[in-house]
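Subject: Structure for your review

Dear colleague,

Please find below the structure that I am handing over to you. I would be grateful if you could read the notes after it with the model open.

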Amino acid sequence: MTNRIGIKCALALAMLASPSHSWAQVLAGTDDLGRIVPQFEEVGAPIADRQVGLFYFLWQGDKGSPTSEKHWDLNELYERTPEVFPDFDHPGWGGGAGRPGRYYFWGESIYGYYRGDDYWVHLKNMQLLTDAGVDFLVLDATNRLTYREQSDALMRAIDALQKQGKKAPKVVFYTNTASGEGMQEIYENHYKEGAPSRYPNCWFYLEGKPLIIGLSKEAVGRDYADFFTIRESQWPNEPEKVNGWPWIEFQRPQKVYKNHKGEREIVNVAAAQHPNLDASMGGSAFYGQPGNWGRSYRNGSPGDPAKDLWYGYNIQEQWDFALKQNVPFIFITGWNEWIAGKWRRNSGDKNQALFVDQASPEYSRDIEPSLTAGLRDHYYMQMVCNIRRYKGVDSLQTIGRVQSIKDWSDWKAITPIYVDYVGDVLHRRHPGAQSDPQVTYVNETGRNDFDALKVAASGDRLFFYVATVDAITPASGDNWMTLWLDVDRSALSGWHGYDFRVVRGDRLQRYVNGAWLEIQTVDSKVLGNQLMISIPLATLGLPSQGAKLEFKWSDNMQKADPLDWYVNGDAAPGGRFNVLVKW
């Protein structure tokens with residue numbers, strides 16, 4: 001196993017001036033597994049006409065996929081009572097005992113076992129996927145259910161980001177079973193003039209029309225036939241279709257699918273696959289049946305999940321192939337599938353439960369950060385890294401020199417170096433997918449809503465400025481309006497790479513021998529929604545002639561863990577990311 005502490009993972013995000021573009025700054029982040037994400041010097045400038053789609057799921061807690069009562073986490077169930085699994089009717093299954101069609105989570109998201117209509121979760125996810133550079137979400141409607149209410153919650157979250165000038169992912173629906181009827185329902189609910197949940201700004205376009213995926217032969221004669229560009233639903237065990245868009249592949253290397261013009265158009269990458277359809281994911285996860293490819297699979301070998309689970313070897317092998325294909329689309333499977341239905345087997349040992357698409361940490365496909373089995377945000381960071389390799393990045397921005405900053409008016413001539421998402425400190429109170437007992441997720445940690453960050457350098461000092469949406473709350477505790485500084489850009493030093501932090505507005509602390517030690521007070525001011533801090537370069541060990549620096553702000557952190565920045569309070573930038581600057 002490589003160094004688990006990690007190496008600095010610089011994530012150069014495109015810096016585009018227009019508010020209609022996506023990201024506005026170059027960010028950096030720390031990868032816990034020692035993987036380094038290249039910057040501009042290694043991957044070059046952003047490449048036009050390269051777009052990334054991500055399979056996105058809305059079915060958690062829906063009446064069409066009812067969650068098992070009492071027990072709903074397969075990983076916990078298998079670790080605690082493995083004797084349940086050989087007996088489909090064992091009472092230890094909870095509400096799923098003896099009843100096909102009850103649904104189980106393979107593990108837990110950092111947001112809990114959430115429902116697909118939880119706006120708070122979608123808003124968090126849209127920020128992560130915007131930062132990652134995902135262009136469109138492919139919404140799973142393959143089993144005929146189209147999830148109108150859940151789709152509406154998702155598109156409201158996308159709309160909220162777009163109104164801030166962010167290039168949030170847009171949406172595409174993927175149908176298969178009763179595809180013609182499904183596309184009709186989607187058209188009437190989301191696309192037709194007067195539709196109850198109509199967000200034209202959320203539609204992803206291809207060839208001049210909104211894109212939908214389904215069976216074009218079933219659209220013939222319907223009123224939406226000319227409204228959409230239709231790409232064909234492509235299953236991995238079907239013959240290759242013209243215009244086929246694959247959601248997964250069962251061969252290595254993957255196929256590259258062509259459109260009706262004969263152009264190579266799209267390739268899929270997935271965290272795991274189940275080419276042994278008889279065994280499916282559950283057969284390999286719980287009954288030792290071979291032939292499926294878990295997260296650790298590579299070079300034709302299943303690998304060793306005990307050591308390999310976190311590294312994404314399976315999907316990386318596919319990324320390595322896809323990056324060489326020079327195609328305009330890469331389709332990633334997937335983000336937030338989480339659940340699987342428990343069914344009786346049609347062959348083999350009929351007393352075993354059949355879980356088709358996901359079953360365990362190893363045999364599952366979710367890239368969304370997880371609290372289960374140490375997966376954390378490893379797959380998310382890996383995805384960001386590969387999207388950067390595919391699409392390119394902008395160069396690092398340089399901050400200017402100033403004589404000094406003494407008052408608020410001195411900041412007016414300095415352009416924000418990072419503009420945060422706003423409106424994301426809203427409180428959460430929403431039912432989870434669990435029905436017995438009923439769980440309501442509550443998060444009231446949102447407090448100071450970061451808006452804009454600025455930085456300036458003089459000959460002997462660095463100046464930091466942050467503005468919030470509303471007036472900053474009074475200072476209280478070490479988790480109030482904290483400035484985090486990584487001055488050597490090495491994750492091998494400091495706390496997860498952060499060498500210094502400023503707490504309570506003016507207390508500069510350094511991380512030494514596993515603890516934060518206060519070393520001095522620094523100059524700081526607070527006025528309304530503004531806070532500024534100045535720190536001598538010499539105190540930070542930085543040269544006066546110029547250097548590189550990573551920093552971030554957080555407020556109301558609840559736990560000493562970088563994963564906390566995905567969930568609680570507010571962080572700018574979010575999650576693992578830092579602002580990377582030079583002067």
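The notes below take a helix, two individual residues, a hairpin and two sheets in turn. Please bear in mind that this is a predicted model.

Helix α9 and the residue I47

Helix α9 covers residues 378–391. Its 14 residues span 20 Å from the first C-alpha to the last, close to the 20 Å expected at 1.5 Å a residue. Of these 14 residues, 13 are buried, so the helix is largely enclosed by the rest of the structure. Directly after α9 comes G392, which has a positive phi near 80°.

The residue I47 belongs to the loop between α1 (40–43) and β3 (51–56). Setting aside neighbours within four places in sequence, I47 makes contact with Y390 and K391. Although I47 and Y390 are 343 residues apart along the chain, their C-alpha atoms are separated by 8.1 Å. I47 has a relative accessible area of 36% and is therefore partly exposed.

The residue D73

D73 lies in the loop that connects β3 with α2 (74–80). What is the nearest side chain of opposite charge to D73? It is that of R80, at 7.6 Å, and D73 has no salt bridge although it is buried. A polar atom of the D73 side chain does lie 3.0 Å from the backbone nitrogen of N75. The backbone nitrogen of E76 is likewise 3.0 Å from a polar atom of that side chain of D73. Apart from residues up to four places away in sequence, D73 touches F105, W106, G107, E108 and Y113.

Strand β22 and its partners

Strand β22 comprises residues 500–503 and is covered on both faces. F500 and V502 are buried on one side, and R501 and V503 are buried on the other. This arrangement fits a general pattern: in a regular strand the side chains alternate between the two faces of the sheet.

β22 is joined to strand β21 (residues 482–486) by three bridges, and the two run antiparallel. Here F500 of β22 has L485 opposite it. Strand β23 (residues 507–512) also runs antiparallel to β22, with four bridges between them. In this pairing R501 stands opposite Q509 of β23. The hairpin of β22 and β23 has three residues between its strands, and R504 there adopts a positive phi near 55°.

Two open sheets

One open sheet contains three strands in the order β4-β14-β15, paired antiparallel. Its edge strands are β4 (102–105) and β15 (353–354), each of which pairs on one side only. Two bridges link β15 to strand β14 (residues 339–344) in the antiparallel sense, and R344 is found opposite A353 of β15.

A further open sheet has five strands, also with antiparallel pairing, in the order β16-β19-β20-β26-β25. The edges are formed by β16 (418–419) and β25 (523–527), and each pairs on one side only. β16 pairs with strand β19 (residues 450–457) over two bridges, again in the antiparallel sense. V419 has A452 in β19 as its bridge partner.

When you go through the model, may I suggest starting with the surroundings of D73, which is buried and has no salt bridge, and then turning to the contacts of I47 with Y390 and K391.

With kind regards

How values were computed: Residues numbered from 1 in each chain as written. Predicted model: local features only at pLDDT ≥ 70, side-chain atom pairs only at ≥ 80, totals over all residues. Heavy atoms only, no water. Buried < 20%, exposed > 50% of the residue type's maximum accessible area, 1.4 Å probe, protein only. Contact = heavy atoms within 4.5 Å. Pairing = 2+ DSSP bridges. Expected span 1.5 Å × (residues − 1). Lys, Arg positive; Asp, Glu negative; His and termini not counted. Salt bridge = Lys/Arg side-chain N within 4 Å of Asp/Glu carboxyl O. Polar contact = N/O pair within 3.5 Å; in protein donor to acceptor, adjacent residues only side chain to side chain.
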